[in-house]
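Please examine the structure shown below, together with its sequence. The paragraphs that follow lead from one helix to the nonpolar cores and then to a pocket.

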Amino acid sequence: MAHALRLAERGLFTTQPNPRVGCVIAHGDDVVGTGFHQRAGEPHAEVFALREAGGSARGATAYVTLEPCAHHGRTPPCAEALVAAGVRRVVIASEDPFPQVNGRGIDRLRAAGIMVETSLQRETARELNAGFFSRIERGRPFVRVKLAMSLDGRTALANGESKWITGEAARADVQRWRARSSAILTGSGTVLADDPRLTVRLGDDEEFSPPLRVVLDRQLRTPPGSHVLDGSTPTLVLHGAAASCADGRFARVERMAVAARGDMIDLHAVLGLLAGRGCNEVHVEAGPTLCGALFAAGLVDELLLYVAPILLGDRARPLLQLPALTDMAQRWQLTLRQQQLLGADWRLQLRPA
């Protein structure tokens, strides 16, 4: 199963909106077939593994990181393929909550007399597809906020200058987190201050599915000529119902009105909309107002915090704008999952406790 999970990781940048899945077919310790899901619309992991195994699949055990599908979608059902190949036993890391599967794959295998075992390395398998499980089970994507700060908790100078707080190694690491995401979300304030491209820049030999760029722009303030309006990659601008624009600056992007909550776009509505478009993981690169609002609304699932060994002083801009606390019991408690040194900078991977 560990081998199957490593195979599944090879689809980290390319399977959207599908989950990352790996499969290993073996007789005892003798592996006869391996495969992983590479791209949406193409064969699933089990199909590649069965092709490699050929007749050796008969009587073998298949280790699969996610319950085999049992329905006809863009590809035939994998449960039927396993039955036809004559495997004796199927070990599954995690059940698939997708409504058209959700136990049906397991039922089909057992109905054919195949032994089925579940929950082997289940948490690892779910972690690999945290966004997929979030979208199906909670109706919203997994939200990951990326922030970079100085040792004194500042993200930019008072005048807004922030290039560059961190070094090249940390910035390259961010590209890989972008690449695994379904969407990159920012606010109009960040567009006005930094004019970001919000694209993925990896090595020439690394394949990825370009994430959707999403700009929250309640009043349609994004100026003409902004990089996010260049049409180089799919882009969605979400605005308030009353906002309008007579010029053609948004001609090369998609624009849609979203409900407001007070003087901000309704963030719950935004995430529901993105889930409906098949977004599993949303990567947020924004300023303290939007990031703080996501935290305050309880919508942040993970924080990627890059900490640089510099000081910017107390007049520099803060990390987050959060509601004032009246006692320590109200503090936002985070759990550190991982820390990694990248050049001179630290990346902290944190989740709300």
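In this predicted model, helix α2 spans residues 45-53, and its buried residues are Ala45, Glu46, Ala49, Leu50 and Ala53. These residues lie on the same side of α2, because the arc they cover around the axis is only 125 degrees. What do the buried residues of α2 pack against? Their partners are the strands β1 (22-27), β2 (30-36) and β3 (61-64), together with the helix α3 (78-85). After α2 comes Gly54, which has a positive phi, near 60 degrees.

The next topic is the nonpolar interior. In soluble globular proteins, nonpolar side chains tend to be buried together. Here, the largest nonpolar core contains 36 residues. Within this core, the residues with the most contacts are Val145, Leu216, Leu274, Val284 and Leu305. Leu274 may serve as an example: when residues up to four places away in sequence are not counted, Leu274 touches Pro141, Leu212, Val214, Leu236, Cys279 and Val282. There is also a second, separate core, which has 25 residues, among them Leu66, Val87, Ile106 and Leu109.

The pocket may now be considered. The largest pocket holds about 1,400 Å³ of space. It is lined by 48 residues, and those closest to its centre are Thr190, Asp194, Glu285, Ala286 and Gly287. The elements that contribute two or more residues to this lining are β6 (142-149), β7 (154-156), α7 (168-179), β8 (183-187), α8, β13 (264-265) and α10 (288-296). Which element gives the most to the lining? That element is α7, with six residues.

An unreviewed UniProt entry carries the annotation "binding site" for Ser162, Arg178, Leu198, Arg201 and Glu285. The lining of the largest pocket includes Ser162, Arg178, Leu198, Arg201 and Glu285.

Two of these annotated residues, Leu198 and Arg201, deserve a closer look. Leu198 is found in the loop between α8 (188-194) and β9 (212-216), and Arg201 also lies in the loop between α8 and β9. Is Leu198 buried or exposed? Leu198 counts as buried because its relative accessible area is 3%, under the 20% limit. Arg201, by contrast, has a relative accessibility of 46% and therefore counts as partly exposed. Leaving aside neighbours within four places in sequence, Leu198 is in contact with Arg178, Ile184, Thr186, Arg213 and Val228. With residues up to four places away in sequence not counted, Arg201 touches Gln175 and Arg178. Arg178 is thus a contact of Leu198 and is also touched by Arg201.

Notes:
Residues numbered from 1 in each chain as written. Predicted model: local features only at pLDDT ≥ 70, side-chain atom pairs only at ≥ 80, totals over all residues. Heavy atoms only, no water. Buried < 20%, exposed > 50% of the residue type's maximum accessible area, 1.4 Å probe, protein only. Helix = DSSP H or I, 4+ residues; strand = E, 2+ residues; numbered from the N terminus. Arc of directions from axis to C-beta. Contact = heavy atoms within 4.5 Å. Core = buried A, V, L, I, M, F, W, Y, C linked by side-chain atoms within 4.5 Å. UniProt positions renumbered as here; feature names shortened; annotations may be inferred. 1 Å grid on protein atoms, 1.4 Å probe; cavity = no way out; pocket = protein on both sides within 12 Å on 5 of 7 lines; lining within 4 Å. Points joined across faces, edges and corners; volume = space filled by probe spheres on them.
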